[in-house]
Amino acid sequence: MNKRTAAITAVGAYVPEFVLSNKILETMVDTNDEWITSRTGIKERRILKDADKGTSYLAIKAAENLIEKSGIDPAEIDLLIMATATPDLPVAATGVYVATQIGAVNAFSYDLQAACSSFLYGMSTAAAYIESGRYKKVLVIGADKMSSIIDYTDRTTCIIFGDGAGAALFEPNEEGLGLQDEILRSDGTGREFLKISAGGSLIPATAQTVADKQHYVFQDGKTVFKFAVTNMADVSAKIMERNNLTNEDVDWLVPHQANRRIIDATSGRMGLDDSKVLMNIHRYGNTTSATLPLLLSDFEKQLKKGDNLIFASFGGGFTWGSVYLKWAYNS
């Protein structure tokens, strides 16, 4: 009997209609298109403008897209993992609401928060459930309404982030496809460099914390960039070495879309040609938990059964890692 692995069998995605371009940002903060593009690779990002819609709306739309494309009965889903840094509410788990709204009536659900690495960690979690034989269909959704926690007078952060969602269905595979290996890491010394300081148990919300803009994302850009470049590249190269993969063996790099220069440093360390690097940062910016599944959805038709994919991510905390996965189907 072959070893049971967890393979991605379907993907879906959703991005809001409103496009926040660099040209529009030029009218909002002291910046310009050339500066943003040269330093980040971002040209535009999508924003969910509806004040009455949260991350759950994005997640539901992405899940519905996957369900429509794959034809799966939502009632067959055993577990829904909601990877997000921007839950609808601080307590009631967003994934639970999403599961109910999409008709996954037999699934249990919970939220997983590891900043920009949330979906990557969710992949690992889904694989563990499936490899154990306990569950057969696990839906992992990465979704974030980053516009809800961004200060649009802060040019260091408002140029980077956008809203979006992506979803991937994991199922058992005995052909040797699916998730092969992972290297996941974290380091709490990074806590001060990328965070929202207020709104948690340490600094509860008050009128003063709101006035002081402590509920928006703070990022020490230089420090985060330095850590991300080094660590994303390190784990990506290490997972190749551990699995005896050459640059010719790797078909696609699926990197977190935080900064074009971080992506380039990672692919360079792996010895990969640009043609093997999946990238849509110019269209969406950094959608945090959604970047990896959005890439899979955008490039689904180019992925072939048996392709070797290396996923890499880096997020606040700090959290980072790499996953080696063999693609399981032709679109």
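## A pair within one helix

K23 and E26 both belong to helix α1, which covers residues 22–26, and they stand 3 residues apart, or about one turn of the helix. In this predicted model, their side chains meet in a salt bridge with an N to O distance of 3.9 Å. The two partners differ in how much of them is open to the surroundings: K23 is exposed, with a relative accessible area of 54%, whereas E26 is partly exposed, at 31%.

## Pairs that link separate parts

A second salt bridge joins D33 and K43, whose closest N and O atoms are 3.0 Å apart. Because D33 lies in helix α2 (residues 33–40) and K43 in the loop between α2 and β3 (44–47), this pair ties together parts that are 10 residues apart in sequence. D33 is buried, with a relative accessible area of 18%, since buried means under 20%, while K43 is partly exposed at 35%.

The side chains of D151 and K213 also meet in a salt bridge, at 3.4 Å from N to O. D151 is found in the loop between β6 (138–145) and β7 (163–173), and K213 in the loop between α6 (207–211) and β10 (218–219), so the pair ties together parts that are 62 residues apart in sequence. Here too a buried residue meets a partly exposed one, as D151 has a relative accessibility of 12% and K213 has a relative accessible area of 40%.

## A network and the charges of the chain

Beyond these pairs, E76, K137 and E171 are joined into one network by salt bridges that share partners. In total, the count for the model comes to 14 salt bridges. The chain carries 33 positive and 40 negative side chains, and the centres of these two sets lie 2 Å apart.

## The chain as a whole

The chain is built with 10 helices and 13 strands. Its radius of gyration is 19 Å, close to the 20 Å that the globule rule gives for 331 residues, and therefore the chain is as compact as a globular protein of that length. Along the principal axes, the C-alpha trace spans about 60 × 45 × 35 Å.

How much of the chain is buried? Buried residues make up 54% of the 331 residues. Among the contacts with a separation of 6 or more, 76% are between residues that are 24 or more positions apart. The chain exposes about 14,100 Å², and carbon and sulfur atoms supply 49% of that area.

Technical notes. Residues numbered from 1 in each chain as written. Predicted model: local features only at pLDDT ≥ 70, side-chain atom pairs only at ≥ 80, totals over all residues. Heavy atoms only, no water. Helix = DSSP H or I, 4+ residues; strand = E, 2+ residues; numbered from the N terminus. Rg over C-alpha atoms; globule rule 2.2 N^0.38 Å. Buried < 20%, exposed > 50% of the residue type's maximum accessible area, 1.4 Å probe, protein only. Contact = heavy atoms within 4.5 Å. Areas by Shrake-Rupley, 256 points an atom, 1.4 Å probe, with all protein chains shown as cover. Lys, Arg positive; Asp, Glu negative; His and termini not counted. Charge placed at Lys NZ, Arg CZ, Asp CG, Glu CD. Salt bridge = Lys/Arg side-chain N within 4 Å of Asp/Glu carboxyl O.
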